[in-house]
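Biologist: I've got a structure to go through with you, and I'd like to start with the ligands. Ready to take some questions?

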Amino acid sequence: MPHVNVSQHPLVKHKLTRLRDINTNPKMFRELVRELAILLAYEATADLLLTERTVPTPMGVAHGFELAEAVGLVPVLRAGLGMVEGVWEMMPSAEVWHIGLFRDERTLKPIAYYNRLPISPTVDVCLVLDPMLATGGSASATIDILKKWGAKKIKYVGLLAAPEGVAKLTHDHPDVPLYIAAIDERLNDIGYIVPGLGDAGDRQFGTG
Ligand code: PRP
Ligand code: URA
C-alpha cells in the first residue's frame, strides 16, 4: 500500500513501546504522544512545497527557502489534542481546526459533535491528528468533513492502527496518505486495538 507509511525510525519504535506500557503514567504518556506526533509529522511534511527566499546573513547573502503552503492541524477530539502542541511548535504559523467526534460504544460508529470550520478552506494542506485508527470510522468521517469543506490535500497522522482501520481509510479515501507508528494485529470484539495501548483519550487525560 504505497500511501501507508509506517515509520521505521528507531526513536519512534522506542517511544511507541514506552507509550504502550501499562505502567506509563498519564504525564509520561502525554509527553510521549507529543514527541511521537512531532516525529511522525516530520515524516508527513517531507513533501511540503517551498518557495525560494534570500536573506541577509552577517557574512553575506544566503539563498534559502520558506514554506509555500499554509498548513492546518486538525486534531480529532479528544485524543488528537495531545498531538497538537509539539507539531505546532515546529510549524508555528499553522492554523488549528478542531473536529469533535466520539465512537458510539455499541455501534462503534462515529458521532460528530463539534466543527467550527469556516465556509471555505483557509489552508492548503490538512494534517489530521488522531492517535488511534481502530475501525477507521472516525478518521474517515473527519476526512469526509474536510473534503466537504473543500480541502484538497489531506494527510492522516496517527500513532497506532488496526488492519481494519487501514483498510477502511485507504478504501474510503485512497488519495489520503497515512503516517503511523505501527499497525497492530487486530481489533477485539469491543473495537479496541490489540495489543494496542488501551484508550488513548483516557490515558492522556487520566479518565476512565
Ligand atoms: C478514539 C480515538 C479515535 C477513535 C478511533 O476516540 O481517538 O478518534 O477512537 O476509533 P475508530 O477508528 O473505531 O473510529 P474516542 O471515540 O474514544 O473519543 P475520545 O477521544 O473523546 O475518548
Ligand atoms: N480508541 C482508543 O483510544 N483505543 C483503541 O484501541 C481503539 C479506539
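Biologist: How far is an oxygen atom of ligand 1 from an N or O atom in the side chain of Asp-130?

Modeller: First, the ground rules: this is a predicted model, so local features need pLDDT of at least 70 and side-chain atom pairs count only at pLDDT 80 or more, while totals for chains, interfaces and linings use all residues. Residues are numbered from 1 along each chain as its sequence is written, chains are lettered from A and ligands numbered from 1 in the order written, and side-chain values use heavy atoms, with hydrogens and water left out. A polar contact here is a pair of N or O atoms within 3.5 Å; within protein, one must be able to donate a hydrogen and the other to accept it, and residues adjacent in sequence count only if both atoms are side-chain atoms. For that side chain of Asp-130 and the ligand 1 oxygen, the distance is 2.5 Å.

Biologist: How much of the accessible area of ligand 1 does the protein cover?

Modeller: Areas come from the Shrake-Rupley method with a 1.4 Å probe, and for residues only the protein chains shown count as cover. On its own, ligand 1 has 500 Å² of accessible area, and the protein covers 90%.

Biologist: Which residues come nearest to ligand 1?

Modeller: A residue is near if one of its heavy atoms lies within 4 Å. The shell holds 13 residues, split into six nonpolar, four polar and three charged. By that scheme Ala, Val, Leu, Ile, Met, Phe, Trp, Tyr, Cys and Pro are nonpolar, Asp, Glu, Lys and Arg are charged, and the others, Gly among them, are polar. The nearest are Arg-103, Asp-130, Thr-135, Gly-136 and Ser-138.

Biologist: Which strands and helix each supply at least two residues of the shell around ligand 1?

Modeller: Helices (H or I, at least four residues) and strands (E, at least two) are DSSP runs, numbered from the N terminus. The elements that qualify are strand E6 (99-103), strand E9 (132-133) and helix H4 (137-149).

Biologist: Where does ligand 2 sit?

Modeller: On a 1 Å grid over the protein atoms alone, a pocket is an open set of points with protein on both sides within 12 Å along at least five of seven lines, whereas in a cavity a 1.4 Å probe fits but cannot get out; lining residues have an atom within 4 Å of a point. A molecule sits in one if more than half of its atoms lie within 2 Å of its grid points. Ligand 1 passes that test for the largest pocket. Ligand 2 sits in the largest pocket too.

Biologist: Which atom type of ligand 2 is 2.8 Å from a polar backbone atom of Gly-198?

Modeller: Two other backbone contacts go to oxygen: an N or O atom of Ile-193 lies 2.8 Å from a ligand 2 oxygen, and Ala-200 also has a backbone N or O atom 2.8 Å from an oxygen of ligand 2. At Gly-198, the ligand 2 atom is a nitrogen.

Biologist: What is the omega of the cis peptide bond that joins Leu-77 and Arg-78?

Modeller: Most peptide bonds are trans. Arg-78 is in the loop between strand E4 (71-77) and helix H3 (84-90), and a polar atom of its side chain lies 2.9 Å from an oxygen of ligand 1. The cis bond from Leu-77 has an omega of about -5°.

Biologist: Which residue in the turn of the E6 and E7 hairpin has a positive phi?

Modeller: Strands pair if DSSP finds at least two bridges between them, and E6 and E7 run antiparallel, joined by five bridges. One of the partnerships is Leu-101 with Ala-112. Six residues lie between the two strands, and the one with a phi of about 65° is Leu-108.
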